[in-house]
Amino acid sequence: MRARVTTLAAASSRTAKLYGVEIVAAGLGEGDVLRELHVATWAVTYRDRLPRGWYRERLAAHRARDWGEIVRCRTAGGGGVLTARCVNRMVGLCEYGPSEDGDDDPGRVGHIHRLYVDPARQRTGIGRSLLTASTDRLRESGMSAATLWVLERDERARSFYERVGWKPDGKRKSEPMTDAITDLRYRVVLV
Ligand SMILES: CC(C)(COP(=O)(O)OP(=O)(O)OC[C@H]1O[C@@H](n2cnc3c(N)ncnc32)[C@H](O)[C@@H]1OP(=O)(O)O)[C@@H](O)C(=O)NCCC(=O)NCCS
């Protein structure tokens, strides 16, 4: 299928409503807070959307994730983890870096690995701000496009990405044995 992409200009003007929210890079010593936010948000998001066994397995894996090591590796690899803070409380995270897909050039194509906003703070502009700040950094590091994978049946996340300018590029992948877990790749051009 022919790739459909849109172009994303730098510096979204839609961050004004985010009064009191700061976007800052995660520190190496913040692994526990990152894990807590990721696990709590992931659990609520996917509880009724994934086959039960797969949900439990993934949740256990997420509880064991070493986020301090992820921050270290992503930063060393030309990416990072950005966080949204409100009165010193972490309310969102975005993990980004070069693409790891075999069909994309990691020197030119960046990737959003994870984007999670505290359920109590969703739909207040934090996701958009984190995504914009992360794609700005990818652009500054020389990337001309960015991609991400999203669950095909996750209409809410897909609506969000489409609202902020991303489009499916035609690539999809499924977990063996179940088509309940099919991911679509979304892409945006960075200018
Ligand atoms: C998806 C997610 C990151 C979006 O972040 P958010 O802070 O809630 O979204 P924002 O408030 O920045 O919304 C930005 C735009 O997308 C739209 N949008 C957000 N969520 C939406 C939804 N569920 N359905 C339709 N549109 C949506 C908003 O209306 C907004 O548009 P507007 O600025 O014109 O009003 C967040 O809801 C989340 O963490 N979800 C759970 C985890 C997840 O799904 N992560 C992505 C996995 S691939």
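Here's a walk through one helix and a group of strands in this predicted model.

Let's start with helix H3, which spans residues 67–76. Which of its residues are buried? They are Trp67, Ile70 and Val71. Those three cover an arc of only 100° around the axis, so they sit on the same side of H3. Look at the face turned away from that buried side, and you'll find the exposed residues Glu69, Cys73 and Ala76.

So much for the helix itself; now for its surroundings. What covers the buried residues of H3? The cover includes helix H1 (31–46), along with strands E3 (80–86) and E4 (89–98). Follow the chain just past the end of H3 and you hit Gly78, whose phi is positive, at about 95°.

Strand E4 leads us on to strand E5, because the two are joined by seven bridges and run antiparallel. If you want one pair to click on, take Leu93, whose bridge partner in E5 is Tyr116. E5 itself covers residues 109–117 and is mostly covered, with seven of its nine residues buried.

E5 also pairs with strand E6 (residues 145–151), this time in the parallel sense and over three bridges. Here, His111 stands opposite Thr147 in E6. How does the chain get from one strand to the other? Helix H4, residues 126–140, belongs to the connection: E5, H4 and E6 make a right-handed β-α-β unit.

Putting the strands together, E5 has E4 as an antiparallel partner and E6 as a parallel one.

Conventions
Residues numbered from 1 in each chain as written. Predicted model: local features only at pLDDT ≥ 70, side-chain atom pairs only at ≥ 80, totals over all residues. Buried ≥ 20, exposed ≤ 12 C-beta atoms within 10 Å, placed from the backbone. Helix = DSSP H or I, 4+ residues; strand = E, 2+ residues; numbered from the N terminus. Arc of directions from axis to C-beta. Contact = placed C-beta atoms within 7 Å. Right-handed = clockwise from strand over helix to strand, strands pointing away.
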